[in-house]
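Dear colleague,

Please find below the sequence and the structure that I am handing over to you. My findings follow directly after them.

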Amino acid sequence: PEPTGAEAVRYLNRIMRGGVRLAGSTNNHAGFLFMYELMVGSLHVKLLESDSTYQLGAMMVRHMPPSDTKSKGVFMSLLRVMALNEEFATVDGELPNWGHLLAEKKDEWNLKDGRFMKKVPGVFKTALSKGDAVAAFLDDVHEKVSRADSAGQLLWWRAAPTPKPSIRVCVPAASSRTAMAR
């Protein structure tokens, strides 16, 4: 579903009830894939028809808890790069669409050895194809980020340096010292 208007507000309220986290859950789908798909433009959740799904996804990344945003993992790194590089994230076909990739991998698995896959129970078949799809997805994303970075097309999220504490010593003016001595 691609909700807009009041329907989009209800949808966002439901999936963000538990907050925005890198790892979504069954009750809270506002995880990595949700933000990723918003930023690449393959998930269309808009309050107004003129809204940018990229901006919604980037805003969600900025509202994640520090325990997630400080992560040095692949998924958080990718979200940070995307949130800082709208043009890179939104160029059609530049970054893969997860849903399409998963569907392609399922078809590939079924064609590869149809007789074997027909005998594999559904849960295991899904797990096998998802694992294969995740690897292909990450390989594809890594290659595209590396290419754009080598071409100097990406900004990188830098942590702000921790400010050094400043100590101020206030010495009263000479006229005040004489007045205090009296």
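H142 has its place in helix α9, a helix made up of residues 122-150. The model is a predicted one, and in it H142 counts as exposed because its relative accessibility is 56%, where exposed requires a value over 50%. The C-alpha atom of H142 is separated by 8.9 Å from that of L78, and these two residues are 64 residues apart along the chain.

Helix α9 also carries F137. Is F137 buried or exposed? F137 is buried, because its relative accessible area is 2% and the cut-off for buried is under 20%. In helix α9, then, H142 is exposed, whereas F137 is buried.

Aromatic residues

The structure holds five aromatic pairs. One of them is formed by Y36 and F137 in an edge-to-face arrangement, with 5.1 Å from centre to centre and 75 degrees between the planes. This pair links distant parts of the chain, since Y36 sits in helix α2 (residues 32-40) and F137 in helix α9, 101 residues apart. Y36 counts as buried because its relative accessibility is 0%. Which residues make up the aromatic cluster? F32, Y36, F75 and F137 form one such cluster.

Helix α2 and its surroundings

Helix α2 is mostly covered, with eight of its nine residues buried. Those buried residues are F32, F34, M35, Y36, E37, L38, M39 and V40. Two members of the aromatic cluster, F32 and Y36, therefore appear in this list of buried residues, where buried stands for a relative accessible area under 20%. Just after α2, G41 takes a positive phi of about 90 degrees.

Helix α2 also meets helix α3. The axes of the two helices come within 6 Å and cross at roughly 145 degrees, and the crossing is left-handed. On the α2 side, the contact is made by F34, M35, L38 and M39. On the α3 side, T53, Y54, L56, G57, A58, M60 and V61 take part. As background, an α-helix has 3.6 residues a turn, so residues three or four places apart point the same way.

Two further residues

N97 lies in the loop between α6 (86-90) and α7 (98-112). Which residues does N97 touch, not counting residues up to four places away in sequence? N97 touches E37 and S42, and E37 is among the buried residues of α2. The C-alpha atoms of N97 and Y36 are separated by 8.9 Å, with the two residues 61 residues apart along the chain.

T69 belongs to helix α4 (residues 66-69). T69 counts as partly exposed because its relative accessibility is 21%, and the cut-off for buried is under 20%. Leaving aside residues up to four places away in sequence, T69 touches V61, M64, M76 and R80. Of these, V61 also takes part in the contact between α2 and α3. The C-alpha atoms of T69 and L79, ten residues apart along the chain, are separated by 9.3 Å.

The chain as a whole

The protein chain has ten helices and zero strands. Read along the sequence, its pattern is α-α-α-α-α-α-α-α-α-α. Of its 182 residues, 32% count as buried. The chain exposes about 12,100 Å², of which carbon and sulfur atoms supply 58%. Among contacts with a separation of 6 or more, 60% are between residues 24 or more positions apart.

Confidence in the model

How confident is the prediction, and which elements have the lowest and the highest mean pLDDT? The protein chain averages a pLDDT of 76, and 63% of the residues score at least 70. Among the elements, helix α8 (residues 114-119) has the lowest mean pLDDT, at 48, and helix α3 (residues 53-62) the highest, at 91. Over residues 119-125, pLDDT stays under 50, and the model has four contacts beyond four places in sequence for this stretch.

Yours sincerely,
A colleague

Note on methods: Residues numbered from 1 in each chain as written. Predicted model: local features only at pLDDT ≥ 70, side-chain atom pairs only at ≥ 80, totals over all residues. Heavy atoms only, no water. Helix = DSSP H or I, 4+ residues; strand = E, 2+ residues; numbered from the N terminus. Buried < 20%, exposed > 50% of the residue type's maximum accessible area, 1.4 Å probe, protein only. Contact = heavy atoms within 4.5 Å. Areas by Shrake-Rupley, 256 points an atom, 1.4 Å probe, with all protein chains shown as cover. pLDDT = per-residue confidence, 0-100. Phe/Tyr/Trp six-rings, centres within 6.5 Å; stacked < 30°, edge-to-face > 60°. Axes fitted to C-alpha atoms, helices over the stretch in contact; angles between N-to-C directions. Left-handed = near helix turned anticlockwise from the far one by under 90°.
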